[in-house]
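This report considers cysteines, aromatic contacts and one pocket in a single protein model. The structure is shown first, and the description follows.

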Amino acid sequence: MNEELGWLVRELHSLASELRDSEAPLVLAIDQGGHASRAIVFDAHGTLCAESFAPISTFRSGDDRVEHDANEILESIRTALDDVAQTLGSDAERVVAAGLATQRSSVVCWDKRTGTPLSRVLSWQDRRNAALVEQLRGEASAVREHTGLVLSPHYGASKLRWCLDEIPAVRTARDGKRLAFGPLASFLLFSLLEGRPYLVDPANASRTQLFEPRTRAWSPWLAERFGVPLELLPRIAHTRAEFGRLQFAGRDIPLRVCTGDQSAVPYAFGSLDPATIYLNAGTGAFLQRVREHDDPQLLQSVVYSDEQRVVTIQEGTVNGAGAAIDWLNEHLGVDARRGALALTRATANHAAPLFLNAVGGIGSPYWRSDVSSRFVGEGSEAAQVQAAVESIAFLICRNIERMQDAAVARILASGGLSASDYLCECIATLSGLPVERVNVRESTALGLAFLVAGEPADWQPHAERATFAPAVDEALRERYARWCELMETL
């Protein structure tokens, strides 16, 4: 009888817990990325409750122009919001707050009276005004000191200047005092929220290369160098702020967090750990570590700020991650992604060529935008896929070497390309650190939700984990050493 009574008590407790959870508040994460816009709803523990996505188009012209349609992006977000509200049904009423994460370094111009876009969205991958950046090369060290960033055409300042110089509608709007321009995040806040706020957060402001992290303000010196009028830029708010009210499922809810997509990723796993290097491998691969140490070949970024604190991170950037696999698809006409995911240490070919990976321009720690990708040596299509995967691992490891010290205990990997066992095996072996892969499909949205929810202490997202330990592989190390030597000669 006591056992039956105990069972009944446990069942009643379980039912009561489920009832509480069914009434608990939910948060909405809007993740606007390079391939799609996503609207994902989470509970306060990190459990995904509902999701929707709407794809967007990418327009490429030559090697240096990458664009999106601003109206298409806006409509894709609205579609995703409507769809996820329908999925939730009556539970949509439990959504109490929202956050927005966007592609950093992407910029757009629009009419602040009508909201009409005056340009396409110039992607973070776009390098169309590299000539202006080269004219400033003599002041690169000063730009680095002001911004924490390496002088680069990937960032927004040169793109904004190009729009002022080359788009008649932008010049006309400026003359008529109707021009608004800046990070994509600002356009989306302006277009989605009541009252049309003209704001930007520190993470997205930083990637214009017009923002000073030390003062958390626009820099007159940088604005003068790039020829971008300060008075046209949006007002800078904290990462967590009252940005405005968003229409969702027939109600107004506050949008309380705005940040960059990569800036949200480390928070997917809860509060930040200084002993962890966070690796998110998607179209690009981004490495982040909470660290104040200044390395001129890496980036220093504000990853979060509110009224009480500012969190800065050290960051490395590999432009040619998933983008390099896509490049192979185009050049070889084969499914390079499938080949990349099928690779293992046992199937690796040590006679494969080496790939000097400059897809999208070479990011940290080399920072070169003036070279082309090429293979060194001959090999089959499968061998070339292997070389591309290894090149991504090699670039990642070059960044880890600069971030690493005795305090680093692990690499925490997420993102679609981290599904490659061989990539994770190479990184673990060459870095000497265990790689813990977390199977989280939506790490940006999950990290954003953690911030919107107020950084709950019991954040425990459900995700499969796999650990890759360093191995002895002298052939791989020899290939890495030869690749490093070749990269130094570019």
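Phe394 is buried, with a relative accessible area of 1%. The model in which this residue is placed is a predicted one. The aromatic partner of Phe394 is Tyr480: the two ring centres lie 5.1 Å apart and the ring planes meet at 45°, so the pair is classed as tilted. Tyr480 is likewise counted as buried, at 8% relative accessibility. The contact joins distant parts of the chain, since Phe394 belongs to helix α13 (residues 381-403) and Tyr480 to helix α16 (residues 474-488), with the two positions 86 residues apart in numbering.

This pair belongs to a wider set of ring contacts. Across the whole structure, the search returns 14 aromatic pairs. One aromatic cluster is formed by Trp110, Phe187, Phe190 and Tyr198. Aromatic rings also receive charged side chains over their faces, as the table shows for two arginines.

| Arginine | Ring beneath | Distance to ring centre |
|---|---|---|
| Arg104 | Phe286 | 5.6 Å |
| Arg128 | Trp162 | 4.5 Å |

The cysteines are considered next. A disulfide is a covalent bond between the sulfur atoms of two cysteines. The search of the whole structure finds 0 disulfides. Cys163 takes part in none, and the nearest cysteine sulfur, that of Cys109, is 3.8 Å away. The cut-off for a disulfide is a sulfur pair within 2.5 Å, so this distance does not qualify. Cys163 is buried, with a relative accessible area of 1%. For Cys424, the closest cysteine sulfur is in Cys426 at 9.4 Å, which is too far for a bond. Cys424 also counts as buried, at 2% relative accessibility.

Which residues lie nearest the centre of the second largest pocket? They are Arg144, Glu145, Gly148, Arg214 and Gln300, out of a lining of 15 residues. The volume of this pocket is about 310 Å³. Two or more lining residues are contributed by each of α4 (140-147), β18 (299-305) and β19 (310-318). Helix α4 supplies the largest share, with 4 residues. By class, the lining of the second largest pocket comprises 4 nonpolar, 6 polar and 5 charged residues.

Key
Residues are numbered from 1 along each chain as its sequence is written. This is a predicted model: local features need pLDDT of at least 70, side-chain atom pairs count only at pLDDT 80 or more; totals for chains, interfaces and linings use all residues. Side-chain values use heavy atoms; hydrogens and water are left out. Buried means under 20% relative accessible area, exposed over 50%, partly exposed in between (1.4 Å probe, protein chains only). On a 1 Å grid over the protein atoms alone, a cavity is a set of points where a 1.4 Å probe fits but cannot get out, and a pocket is an open set with protein on both sides within 12 Å along at least five of seven lines; lining residues have an atom within 4 Å of a point. Grid points are joined across faces, edges and corners, and a volume is the space filled by probe spheres set on the points. Ala, Val, Leu, Ile, Met, Phe, Trp, Tyr, Cys and Pro count as nonpolar, Asp, Glu, Lys and Arg as charged, and the others, Gly among them, as polar. Rings of Phe, Tyr and Trp (its six-membered ring) pair if their centres lie within 6.5 Å; planes under 30 degrees apart count as stacked, over 60 as edge-to-face and the rest as tilted. A charge sits over a ring if NZ of Lys or CZ of Arg is within 6 Å of the ring centre and within 35 degrees of the ring normal.
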